[in-house]
Amino acid sequence: MNKRRRWRATEAAQRKARELRRRQTPAEQALWARLRGRQLLGLKVRRQHPIDCYIVDFFCARAKLVVEIDGGNSRLRRELLSNIGLRPILPHTWKSLDIP
């Protein structure tokens with residue numbers, strides 16, 4: 001039995017994610033430069049990753065972590081991510097993380 005959990009995405013979300021990867025915001029580009037290539041504790045991080053009908057800025061399947069930089073504040077999105085076992089870090093929580 002395959003133990004890897006898959007977070008399915010709609011075809012439309014997959015197309016939109018590809019488009020968003022081509023035109024990232026400066027904040028997303030800066031964070032991606034520090035996350036790509038398993039630079040964070042050897043963990044693979046994906047950018048503009050589709051989950052269900054949403055596209056999250058950054059996603060680490062192994063850590064079950066979602067990072068949103070400049071959006072993703074909807075209650076429905078937070079609930080969906082939490083209900084499928086993911087831990088979302090959203091813009092309004094950045095201050096509580098004490099990140100410079």
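Is Cys 60 buried or exposed, and at what relative accessibility? At 5% relative accessibility, Cys 60 counts as buried, where buried means under 20% relative accessible area, exposed over 50%, and partly exposed in between (1.4 Å probe, protein chains only).

This is a predicted model, in which local features need pLDDT of at least 70 and side-chain atom pairs count only at pLDDT 80 or more, while totals for chains, interfaces and linings use all residues. Residues are numbered from 1 along each chain as its sequence is written, and side-chain values use heavy atoms, with hydrogens and water left out.

**View 1. Two cysteines in their surroundings.** Cys 60 is buried at 5% relative accessibility, whereas Cys 53 is partly exposed at 46%. A disulfide is a covalent bond between the sulfur atoms of two cysteines. Counting pairs of cysteine sulfur atoms within 2.5 Å, the model has 0 disulfides.

**View 2. An open sheet of 4 strands.** The strands follow the order 1-2-3-4, with mixed pairing. Strands (E, at least two residues) and helices (H or I, at least four) are DSSP runs, numbered from the N terminus, and two strands pair if DSSP finds at least two bridges between them. Strand 1 (46–51) and strand 4 (87–89) are at the edges with a single partner strand each, so one side of each has no neighbour in the sheet. Strand 3 (residues 65–67) runs parallel to strand 4, joined by 3 bridges. Look for Leu 65, which stands opposite Arg 87 in strand 4.

**View 3. Helix 2 and its buried face.** Which residues of helix 2 are buried? They are Glu 28, Trp 32 and Leu 35. Seen down the helix axis, the buried residues fall within an arc of 65 degrees (taken from the directions from the axis to the C-beta atoms), so they line one face of helix 2. Strand 1 and strand 2 are among the elements covering them. On the face turned away, you can find the exposed residues Pro 26 and Arg 34.

**View 4. The largest nonpolar core, with 9 residues.** Such a core is a set of buried Ala, Val, Leu, Ile, Met, Phe, Trp, Tyr and Cys residues joined through side-chain atoms within 4.5 Å. Among its members are Trp 32, Phe 58, Cys 60 and Ile 89. Helix 2 and strand 2 are the elements that give two or more residues to this core. A second, separate core has 6 residues, including Ile 51 and Phe 59.

Notes: Contact means heavy atoms within 4.5 Å.
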